[in-house]
Amino acid sequence: RGSFDERRGDSRRHEAMDLLAPRHTPVVAVEAGIIARLFTSKAGGITIYQFDPTTTYAYYYAHLDRYAEGLTEGATVARGQVL
């Protein structure tokens, strides 16, 4: 089911789509682009922000187990590359 407009515990809108997978499933880039930020957040845990090549769209990958070896901020990634 869609979760973009769902309200969370503190009444904020979720503003994301969760795509669930079993733990340890590799997460791959949905599109080619640039890794903008690698960080850990309170709400999302281990997180990645990736921009598309035109920097029009940002992709937010959260609740990760870890980053792919060698992944760094500013890195260029290909569609389907393990993050």
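Me: In this predicted model, through how many residues does a hairpin join β1 to β2?

Reply: The hairpin that joins β1 to β2 does so through 3 residues, and A43 is found in the loop between these two strands.

Me: What makes β1 and β2 count as a pair of strands?

Reply: Two strands pair if at least two bridges are found between them; β1 and β2 are joined by 7 bridges and run antiparallel, so they satisfy that rule. One of the bridges sets I35 opposite its partner Q50 in β2.

Me: How do you know that β2 and β3 pair as well?

Reply: The reasoning is the same as before, since β2 (residues 45–51) and β3 have 5 bridges between them, in the antiparallel sense, and the rule asks for at least two. Among the bridge partners, Q50 is matched with Y59 in β3, while I48 is matched with Y61 in β3. The hairpin of β2 and β3 has 6 residues between the strands, and there T55 takes a positive phi near 60 degrees.

Me: Which strands are called edge strands, and what makes them so?

Reply: The open sheet holds 4 strands in the order β3-β2-β1-β4, with antiparallel pairing. In that order, β3 (58–64) and β4 (76–77) each pair on one side only, and this makes them the edge strands.

Me: Why is A43 called exposed?

Reply: A43 has a relative accessible area of 55%, and the word exposed is used for values over 50%, so A43 belongs in that class. Being exposed does not leave A43 without contacts: even when residues up to four places away in sequence are not counted, A43 touches R12 and H63. T56, by contrast, lies 13 residues from A43 along the chain, and their C-alpha atoms are separated by 24 Å.

Me: What makes the approach of S41 to G44 a polar contact?

Reply: S41 has its place in strand β1 (residues 33–41), and a polar atom of its side chain lies 2.8 Å from the backbone nitrogen of G44. The limit for a polar contact is 3.5 Å, so the distance of 2.8 Å falls within it. Apart from residues up to four places away in sequence, S41 also touches T47 and Y60.

Me: Why is the pair R23 and D65 called a salt bridge?

Reply: The side chains of R23 and D65 meet at 2.6 Å, N to O, and the rule asks for a side-chain nitrogen of Lys or Arg within 4 Å of a carboxyl oxygen of Asp or Glu, so this pair qualifies. The pair links distant parts of the chain, with R23 in the segment before β1 and D65 in the loop between β3 and β4, 42 residues apart. By this rule the count comes to 1 salt bridge.

Me: Why do R23 and D65 fall into separate exposure classes?

Reply: R23, at 63%, is exposed because its value is over 50%, whereas D65, at 32%, is partly exposed, because its value lies between the 20% and 50% limits.

Me: Which residues make up the largest nonpolar core?

Reply: This core has 10 residues in all, including I35, I48, Y61 and V77, and β1 and β3 each supply at least two of its residues. Leaving aside its neighbours within four places in sequence, V77 is in contact with several residues, among them A29, I35, L71 and L83.

Note on methods
Residues numbered from 1 in each chain as written. Predicted model: local features only at pLDDT ≥ 70, side-chain atom pairs only at ≥ 80, totals over all residues. Heavy atoms only, no water. Polar contact = N/O pair within 3.5 Å; in protein donor to acceptor, adjacent residues only side chain to side chain. Contact = heavy atoms within 4.5 Å. Core = buried A, V, L, I, M, F, W, Y, C linked by side-chain atoms within 4.5 Å. Buried < 20%, exposed > 50% of the residue type's maximum accessible area, 1.4 Å probe, protein only.
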